[in-house]
Structures are given as C-alpha cells and as structure tokens.
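User: I should like a close look at a single part of this structure, set within its wider context. Please give the criteria behind each term as it arises.

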Amino acid sequence: PHKAIKKICCIGAGYVGGPTCATIALKCPHIDVTIVDLNQARIDAWNSDNLPIYEPGLDEVVKTARNRNLFFSTDVDKAIIEADLIFVSVNTPTKKSGVGKGYAADLGYVESATRHIAKVATSDKIVVEKSTVPCRTAASMRKILEANGKAGLRFDILSNPEFLAEGTAVKDLDAPDRVLIGSLDTASGFAAASSLVDVYANWVPRERVITMNVWSSELSKLAANALLAQRISSINALSAICEATGADVDEVAYAVGLDSRIGPKFLKASVGFGGSCFQKDILNLVYLSESLHLPDVAEYWRQVVAMNESQKRRFTEHIISSLFNTITNKRIAVLGFAFKKDTGDTRESSAITIIKYLRAEQAKVAIYDPKVEESQIWFDLAEPGIVDDVTALKKQVSISSSAYEAAAGADAVVICTEWDEFKDTNLDYEKIYASMNKPAFIFDGRLILNQNKLEKIGFKVECIGRSRLEETFE
Ligand code: UDX
Ligand code: UDX
Ligand code: ADP
C-alpha cells in the first residue's frame, strides 16, 4: 500500500519547475500544487499576466489552474510543511571555480534546498530530484536529510528527470515520450515510486511511465542529452565535409535519417547547439568520467563540445572570408539571438559566441530577435569584470526592432536562430535586398531559406553544409 499524494511543493520556479508543476496541477485537479522560489520578482511574474518565461501554450495552462489548485509563493517553509511530495527544481549551473571548475555541476542550490527541507519538515516526505544532477546525487541528498531531519521522520528520495525541450515544453509535458522514475531498491523506495507513478497516471499512458533504479535514472538524463548533442555535432562535422565537396548536408541528413536504426530527428546542421542543458550535461559527464578514472571516455564526450565550438568559429570565419577578408566597420545584421526558435532563452546561445567573434573583427553588429529582451542581450554580450565594456559594446552593437531595421545598410544578414518569421515566405527579402550594401550577402546558419529564390533576387547566399560559391567548380 502506498500513500496517495494530496499536496505537492515544487522548489524552484524556473524553466523546469514552472511548466512541469503547472502541468501537474492542470491534469490533477485533486492535488494542490505550490511552486515556491526565493526570488520574489519571479513569483510576482508567475502570479501576473506576464509570465517570467515564454512558452507556447503556457499562459493557458497557468490561467486555468492558478488559484484553483496551483499556487506561486515565496513562503517556502509553509509549502514544505504541508506537502507530501517535494520536487527539487533548482538551478545546477556549471561550477565557475574550485574543484571541477568549468565541468562539474554546482550542487550548492540543490544542497541548500535539501537542507531547508530537513530543517522545516514535520512529517514524512517524498523528495524528488527534478533538476538534472550528476549520477549519485540522490545519495548525498539522503545523507543530508537523514542527518538533519527531525527524529522519526522518513525521507524517500526519487529521481524523476525532466525531458521537456524549451519552446515545446507544454506539448512535451502533455504527451511525453516517457516519464522516468528512479527509486532505491527497498520496500519504501518502491512505495514512494508508486505514489509518483499515480500522479503521472492521471494523464500519461501507464506504459510510458517507467520505473528503475535511482542511479540508472540519474544517468539516463545525462545520457539522453549527451546522445542528442552528439548527433548534432556529428551532422555538423559532416556539414564541413559537405561544404568542401559539393554534397548537401540536408540531403545527406535526409538520406541517413531514413535508416530506421538512425531516424530523422536531431540531424539538422546548424551554427551549433545552445541551451542550458547540452553543454552543461556533457561537461558533467566528462567530469564524472574523469573522476572514475576513465580518460578515454572523458575524451570521447569532450569532443562533442569541441566540435560545437569549432562549428561556430568556422561559420564566422566563412563570413569574414566571403566579405573580402575584412568586416571592419561593416554592418552585419544578426537575425535571432535565442538559442532556438520559440523561446526567449539565450543561455549558451551560439549567437552570443558568433557576435563576440564579429566584434573582435571590429564589425558593427545589428541584432534582432522577436522574443529576447534587450536587457538580456546587453547582459549576455558584456564581458563581466571589464570596466567600460558596455560603453564600447554600445558603440559597436545595436538592437533593432525588426529584421528590416537590422538589415538596412548592412553588408550581410546572418541567420543564427530558425524563427519562422525569418523564412523567405514570411519576410520580404526583396525589400531587405534593396536596403542593403551590394554585394548583399546572406549567411544561413539554420538552413531555413530557399537559396535559389534569394539568389534570383540578387543575394550572395551561403549556407551551412552546402558547397561554397560557384568557384569551387569553375
Ligand atoms: C553494417 C551496416 O549495418 C550496413 O547497413 C552496411 O551496409 C554495412 O555495415 P554489418 O557490418 O554487416 O552492416 O553489420 P551490423 O549489424 O551493422 O553490425 C556491425 C557491428 O556492430 C557488429 O560487430 C555488431 O555486433 C556491432 N553492433 C551493432 C553492436 O555492437 N551494437 C549494436 O547495437 C549494433
Ligand atoms: C534539450 C533536450 O532536447 C531536452 O530533452 C532536455 O530536457 C533539455 O535539453 P532544449 O535545450 O530545450 O532541450 O532544446 P533542443 O530542442 O534539444 O535544442 C538544443 C539545441 O540544439 C538548440 O540550440 C537547437 O537549435 C540545436 N539543434 C537541435 C540543432 O542544432 N539541430 C537539431 O537537429 C536539433
Ligand atoms: P532551470 O532551467 O533548471 O529550471 P532556473 O534557473 O530557470 O533553472 O530556475 C531555478 C530557480 O530555482 C530559480 O528561480 C532560483 O531562484 C530557484 N532557487 C534556487 N535555490 C532555491 C532555494 N533554495 N529555494 C527556493 N528557490 C530556489
């Protein structure tokens, strides 16, 4: 017999905790869900008409459930005391200093949330790792809870990694490929897992809710992200070969993707992957491998990130060489700053690195993104610690309110994010062409444009993974 969950607390109202627990509240009207955060501004935003994150469909989910059985609060203690089950969805950034700097995950937020639970809990709790954590974090959480919790209380730890992707979070949560629940191989571990299975069973087909041991569950999350990122680095590596040979990377991806053993998804060549997960999780895996004295394994995964960096560099070098080897004082319009379409998130976005390279060449960069806030762009481009960098930055970089404004007077348009708005069926490229310096270049870093159509307008079009200019064969 296992406990029926009546009240859930989610610690951390970010990209993961917010949408995930809002969906649970929507699908389980009989469960009260309270999402808490230390950040008052973030909680205020969740309680307003202007949610702190942009996700298609999320407004509706939140509006339906909010103040019915979904609550956002900064009263962390109260929510912990009342809950049967607590999701820990706090941030786990890569460490910036100390042991494992640049690779290991900083578990400070997970630890402090865990200590907080131990301190205030007055009844048994199921504590669920939702944040992506290194393998074996559950063991540390259990030790902290047992050493600090009140005598006689039982804490069961579950791992329940989140696989949602940004931009499609609501869809992914509504119909997940699978839900993973890891527990200890003990009677109370299995009972806790069953309680959480029941929550998801309210809307997820039972056969898609998978239970397994807690270490497999933790590692599966890192493994999934590492394999997805590895596919992108593999196709990007092939894109470099395509450019040099006359093969077309979209055709190659299509051809290999038809092999059912390979499959068609995550084979789109690009300016490189970004986002808060891929790089972080791979570096995490590299660190784990090194700690386990597996240097060859570490090196294998490290290469996925190295390839990604190389892709951004290669793309920028091609822009410079095409523009007659100098972009000093030339206006370059960068379309897209988010790490992918349909999100305002810029974490690890390739656009940031590419713009830094363009700046180093003294170009004038005009940026347009449909969703990213201006303040975020300035924040991402400023080098922390360099006094006056913002003044220098603003002399070189401007933010435009439309693609047309960014392109006016530019020598080149560079597509960094695959927003639908930038497709040649949605933007008036004749108008853009007329407003640009000639020869007018377009660098398609996302393969969203019809090259022939744009060449007919007069553009010089350069695409990732397609052979360079006609002279290759002349
Ligand atoms: C391969 C390709 O599958 C085929 O499409 C191509 O035309 C020729 O090369 P083959 O080498 O005959 O075919 O066998 P395959 O089934 O691909 O296995 C290759 C090796 O990989 C074998 O040693 C196999 O044992 C190993 N393998 C395969 C694994 O270790 N794990 C797997 O999951 C799959
Ligand atoms: C990823 C995983 O997909 C998700 O399961 C996990 O929970 C979190 O990490 P996310 O980072 O939100 O999700 O987005 P994703 O769609 O995976 O894209 C990551 C990056 O890869 C983006 O920059 C995207 O543009 C790029 N990408 C993706 C490609 O360059 N080519 C592709 O074929 C797919
Ligand atoms: P993710 O992408 O993993 O969801 P975010 O950074 O978007 O990460 O969200 C994590 C949230 O967790 C932040 O809003 C942060 O303020 C919150 N947080 C971190 N530590 C605690 C804590 N101990 N108690 C409550 N909230 C916390």
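How many helices and strands does the secondary structure of the chain come to? Please then concentrate on strand 12 and its surroundings.

Analyst: This is a predicted model, in which local features need pLDDT of at least 70 and side-chain atom pairs count only at pLDDT 80 or more, while totals for chains, interfaces and linings use all residues. Residues are numbered from 1 along each chain as its sequence is written, and chains are lettered from A and ligands numbered from 1 in the order in which they are written.

The secondary structure of the chain comprises 18 helices and 14 strands; these are DSSP runs numbered from the N terminus, helices being H or I with at least four residues and strands E with at least two. The chain's radius of gyration of 24 Å agrees with the value near 23 Å for a compact globule of 474 residues, the radius being taken over C-alpha atoms and the globule rule being 2.2 Å times the number of residues to the power 0.38. Of the 474 residues, 45% count as buried, meaning that 20 or more other C-beta atoms, placed from the backbone, lie within 10 Å of the residue's own.

Strand 12 spans residues 412-415. In a regular strand, side chains alternate between the two faces of the sheet. Here both faces are covered: Ala412 and Val414 lie on one side, Val413 and Ile415 on the other, and all are buried.

Strand 12 has parallel partners, where pairing requires that DSSP find at least two bridges between two strands. Strand 9 (residues 331-335) is joined to strand 12 by 4 bridges, with Ala333 opposite Val413. Strand 13 (residues 441-444) likewise runs parallel to strand 12 over 4 bridges, and Phe443 stands opposite Val414.

Val414 also belongs to the largest nonpolar core, a set of 133 residues in which Ile8, Ile86, Leu335 and Val414 have the most contacts. Such a core consists of buried Ala, Val, Leu, Ile, Met, Phe, Trp, Tyr and Cys residues joined through C-beta atoms within 7 Å. In soluble globular proteins, nonpolar side chains tend to be buried together. Leaving aside neighbours within four places in sequence, Ile8 is in contact with Cys21, Ile24, Ile31, Val33, Ala83, Leu85 and Phe87, a contact being a pair of residues whose C-beta atoms, placed from the backbone, lie within 7 Å. Across the chain, 75% of the contacts with a separation of 6 or more join residues 24 or more positions apart.

Notes: Buried ≥ 20, exposed ≤ 12 C-beta atoms within 10 Å, placed from the backbone. Contact = placed C-beta atoms within 7 Å.
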